[in-house]
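Q: Please take one local backbone feature of this model and examine it closely. I would like a connected account that starts there and follows the chain outward to the parts that can be related to it.

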Amino acid sequence: MPLVEIRNLSKVFVSGETALSRRKAEVRAVEDVSLDIHAGETLGLVGESGSGKSTLGRLILRLIEPTSGTVRFDGHDLFAISRPEMRTLRRDLQIIFQDPFGSLDPRMRVADLIAEPLVIHGQGGSRRERNDRVAELLRIVGLDASARDRYPHEFSGGQRQRIVIARALALRPKFIVCDEPVSALDVSVGAQIVNLLAQLQRDFGLTYLFISHSMPIVRYLSTRIAVMYRGKILEVGSTEEITSTAQHNYTKALLSATPEISL
C-alpha cells in the first residue's frame with residue numbers, strides 16, 4: 001500500500017468580481033489529480049511556475065482544504081479525521097518551504113526554532129534531552145553546535161535552509177514535502193542542499209515529494225517524476241521513463257529547455 005494515496009484531488013480558488021462582470025472568477029489550481037507516493041521514494045513534481053505544484057503540496061499536508069478529492073496517509077483519510085487525530089499525524093508530515101529567509105522567526109534563537117516542534121507536540125523529554133536533540137540535528141544537517149545560540153539573520157541562505165531542514169526533522173517524520181527548497185539559493189549552495197536531502201533520505205528512510213521547476217534537479221533526486229501543467233498531471237513514470245521516453249510535448253519541452261547542472 002502506498003504511504004500517500006491522492007485521489008481525484010481538486011482545488012478551486014474563487015476570486016472577487018471582475019471589471020467586466022459581477023460573477024466571481026474561478027481559478028482551478030489543482031484539477032482531478034491522482035497520485036501514489038511509496039514509502040522511501042522521492043516523487044519529483046515538476047512544472048513551470050503557476051502550474052499548481054505548491055498548491056498540491058499544501059493540499060496533501062492538509063495545510064489548505066480541497067474542493068474535492070481525498071488524500072490518505074498511512075491508511076488515514078486526512079480530510080475525514082478529527083483535529084486531534086490530525087494533530088497527532090502532523091508529527092509524520094513536514095514541509096520545507098522555498099524561502100529560508102521567511103521560514104524562520106527572526107526573533108528566535110536557532111536552538112528554540114529547532115526545538116519548537118518538540119515542545120508543541122510534547123516530544124523530546126526534558127529540556128536537557130531536547131537540547132541534546134537540537135545538537136544532534138545541527139550535526140546531522142552539517143552545522144556547528146555554536147549555531148544554537150545565534151539568530152537566523154546571522155546565517156547565509158544555505159545555512160538557513162539547513163536550519164529549516166533540522167527543524168523539519170525534529171519530530172522524525174515519515175513524509176516531507178520539499179517545496180522548491182533550493183530555488184532561492186545560488187546553484188552551488190543549492191547543489192549542497194540537494195545532496196544533503198539525498199543523504200538524509202538514505203540515513204533515515206524518508207519519503208519526499210520534491211517540488212521544482214528544474215528538471216535536472218528533479219531527475220537527479222527522484223525515483224519517479226510527475227509532470228504538472230495548469231493544475232493537471234500530464235504524465236507520471238520512473239525517472240528513466242520520463243527523461244528518455246517522455247510522451248507529452250510539454251515534458252519534452254521542459255527537458256530540452258533546462259541545461260544539465262553539476263550535483
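A: D74 is found in the loop between β4 and β5, the latter being residues 76-77. The model is a predicted one, and local features are considered here where pLDDT is at least 70. The backbone of D74 has a positive phi of about 50°, although D74 is not a glycine. Most residues other than glycine have a negative phi. With a relative accessibility of 33%, D74 counts as partly exposed, because the partly exposed class lies between 20% and 50%.

The strand that leads into this loop, β4, covers residues 68-73 and contains F73. F73 is buried, and F175 is buried too. These two residues introduce the aromatic pairs of the model. With ring centres required to lie within 6.5 Å, the count comes to two aromatic pairs. In one of them, the ring centres of F73 and F175 are 6.4 Å apart and the planes meet at 40°, so this pair is tilted. It connects distant parts of the chain, since F175 belongs to strand β7 (residues 175-179) and is 102 residues from F73. The other pair consists of Y229 and Y250, whose ring centres are 4.5 Å apart; their planes are at 45°, so this pair also counts as tilted. Here the link runs from strand β9 (residues 224-229), which holds Y229, to helix α9 (residues 249-257), which holds Y250, across 21 residues. The two tyrosines fall into separate accessibility classes: Y229, at 26%, counts as partly exposed, whereas Y250, at 13%, counts as buried. An aromatic ring also takes part in a contact with a charge: the charged end of R150 sits over the ring of F155, at 4.2 Å from its centre.

Y229 leads to a second positive phi. Strand β9 runs antiparallel to strand β10 (residues 232-238), and six bridges join them. Within this pairing, A226 has V236 in β10 as its bridge partner. The two strands form a hairpin with two residues between them. R230 lies in that loop between β9 and β10, and its phi is positive, about 50°, although R230 is not a glycine. At 61% relative accessibility, R230 counts as exposed because the figure is over 50%, whereas D74, at 33%, counts as partly exposed.

G231 is also placed in the loop between β9 and β10. In contrast to the exposed R230, G231 has 0% relative accessibility and counts as buried. Apart from neighbours within four places in sequence, G231 is in contact with R28, A29, V30, E31, V33 and S51. Its C-alpha atom is 18 Å from that of L63, with the two positions 168 residues apart in sequence. V30 and E31 appear again around S10, a residue of strand β1 (residues 4-17). With neighbours within four places left aside, the contacts of S10 are V30, E31, D32, P66, T67 and S68. S10 has 9% relative accessibility and counts as buried. S68 brings the account back to β4, as this strand covers residues 68-73.

A further positive phi occurs at a glycine: G142, just after helix α4, has a phi of about 85°. The helix itself has 14 residues, 127-140, and at 1.5 Å a residue it should span 20 Å; the end C-alpha atoms are 20 Å apart, which agrees. Its buried residues are R130, R133, V134, L137, L138 and I140. Viewed down the helix axis, these buried residues of α4 fall within an arc of 155°, so they line one face. The face turned away from the buried side carries the exposed residues R128 and R139. Among the elements that cover the buried residues of α4 are α3 (110-120), α5 (157-169) and α6 (187-204). A135 is also part of α4 and, with a relative accessible area of 34%, is partly exposed. The C-alpha atoms of A135 and A111 are 8.2 Å apart, while the two residues are 24 residues apart in sequence.

Terms used. Residues numbered from 1 in each chain as written. Predicted model: local features only at pLDDT ≥ 70, side-chain atom pairs only at ≥ 80, totals over all residues. Heavy atoms only, no water. Helix = DSSP H or I, 4+ residues; strand = E, 2+ residues; numbered from the N terminus. Expected span 1.5 Å × (residues − 1). Buried < 20%, exposed > 50% of the residue type's maximum accessible area, 1.4 Å probe, protein only. Arc of directions from axis to C-beta. Contact = heavy atoms within 4.5 Å. Phe/Tyr/Trp six-rings, centres within 6.5 Å; stacked < 30°, edge-to-face > 60°. Lys NZ or Arg CZ within 6 Å of the ring centre and 35° of its normal. Pairing = 2+ DSSP bridges.
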